[in-house]
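Student: I would like to work through this structure by asking about it piece by piece. Could we keep each answer short?

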Amino acid sequence: MHRRIPGRPVRPVGTGAANQRHAVPRRTGRGAGRRRPDAAERFRGALSEGEESHAIYPPLDYVAGEAVISKNRFGAFIGSGGKLEETLRAAAIDTLIIAGTVTNMCCETTAREACMLNFKTIMVSDGNAGRNDEEHNAALSAFLIGMGDVHSTDDLIVMLDSAAS
């Protein structure tokens, strides 16, 4: 669920783009072919508009009329063809809170892109998920070293409530 602050928008980012059936590069070289074919198709589907795994997760607190920005790559800035940055800057948003899956793929890529575009960026330690704890924690640790902040959901709620007061 989104944590809403009156007057501050929440921007869900979808994961797809029209006609991008094979948006995720096929693996080659060492480790190629280790992923089961059905898992690989589901993974590519998450980056392909119209696929079931591309849809916004139903329990997400989406409000009709909010911007939904599609992406067809791991990072939401490059993957949206610049639309995410344009939308955020037009709304004078300078701070991003990153939550989602997979921590060390789409979430970390998007967070790093945001940092490089001079957005203040926070990754949510218990609001992101990786394939395992080792990969999840490594991504958060690497991000924290020099890219942005990492906070728990509970800490962020306190911070947001304080800012709203």
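## Rings, core, helix and charges

Tutor: The model is a predicted one, and in it the count of aromatic pairs comes to 1.

Student: Which residues form the aromatic pair, and is it stacked, edge-to-face or tilted?

Tutor: The ring centres are 5.6 Å apart, and the planes make an angle of 35°. Planes under 30 degrees apart would count as stacked and planes over 60 as edge-to-face, so 35° falls in the remaining class. The pair is F77 and F119, and it is tilted.

Student: How many residues apart in sequence are the parts that this pair ties together?

Tutor: F77 belongs to helix 2, while F119 sits in the loop between helix 4 and strand 2. The pair therefore links parts whose separation in sequence is 42 residues.

Student: Are F77 and F119 buried or exposed?

Tutor: Buried means under 20% relative accessible area. F77 has 5% relative accessibility, and F119 has a relative accessible area of 4%. Because both values are under that cut-off, F77 counts as buried and F119 is also buried.

Student: Which residues touch the most other members of the largest nonpolar core?

Tutor: In soluble globular proteins, nonpolar side chains tend to be buried together. The largest nonpolar core here has 18 residues. Those touching the most other members are F77, L88, L96 and M123.

Student: Which element gives the most residues to this core?

Tutor: Two or more residues come from each of helix 2 (76–79), helix 3, strand 1, helix 4 and helix 5 (133–146). The element that gives the most, with 4 residues, is helix 4.

Student: Which residues is M123 in contact with, leaving aside its neighbours within four places in sequence?

Tutor: M123 is one of the core residues that touch the most other members. Among its contacts are I98, T103, C107, E108 and A111. The others are N128, L140, F143, D149, V150 and H151.

Student: Which residues of helix 4 are buried, and what covers them?

Tutor: The buried residues of helix 4 are T103, C106, C107, E108, T110, A111, E113, A114 and C115. What covers them includes helix 2, strand 1, strand 2 and helix 5.

Student: Where does helix 4 bend, and by about how many degrees?

Tutor: Helix 4 covers residues 103–116. Its bend is at T109, by about 25°.

Student: How many disulfides are there, and why does C106 not form one?

Tutor: A disulfide is a covalent bond between the sulfur atoms of two cysteines. The cysteine sulfur closest to that of C106 is in C107, 6.6 Å away, which is too far for a bond. The count of disulfides comes to 0.

Student: How many salt bridges are there, and which parts does the one between K120 and D94 tie together?

Tutor: The count comes to 4 salt bridges. In one of them, the side chains of K120 and D94 meet at 3.0 Å, N to O. K120 is in strand 2 (residues 120–129) and D94 is in the loop between helix 3 (83–90) and strand 1 (95–101), so the parts tied together are 26 residues apart in sequence.

Student: How many residues apart are E108 and R112, and is E108 buried or exposed?

Tutor: E108 forms a salt bridge with R112, with the closest N and O atoms 3.1 Å apart. Both lie in helix 4, 4 residues apart, or about one turn of the helix. R112 is partly exposed at 31% relative accessibility. With a relative accessible area of 12%, E108 is buried.

Student: What is the N to O distance in the salt bridge of R131 and E135?

Tutor: R131 is exposed at 65% relative accessibility, while E135 is partly exposed at 22%. Their side chains meet in a salt bridge, N to O, at 2.7 Å.

Student: Which residues does the cis peptide bond join?

Tutor: Omega is about -5° at this bond. V102 lies in the loop between strand 1 and helix 4. The bond joins T101 and V102.

Student: What is the phi of A92, and what is that of N118?

Tutor: A92 is in the loop between helix 3 and strand 1, and N118 is in the loop between helix 4 and strand 2. A92 is exposed, with a relative accessible area of 60%, and N118 counts as exposed at 69%. Neither is a glycine, yet phi is positive: near 60° for A92 and about 70° for N118.

Methods. Residues numbered from 1 in each chain as written. Predicted model: local features only at pLDDT ≥ 70, side-chain atom pairs only at ≥ 80, totals over all residues. Heavy atoms only, no water. Buried < 20%, exposed > 50% of the residue type's maximum accessible area, 1.4 Å probe, protein only. Core = buried A, V, L, I, M, F, W, Y, C linked by side-chain atoms within 4.5 Å. Contact = heavy atoms within 4.5 Å. Disulfide = S-S within 2.5 Å. Phe/Tyr/Trp six-rings, centres within 6.5 Å; stacked < 30°, edge-to-face > 60°. Bend = angle between axes of the 7 residues up to and from the residue.
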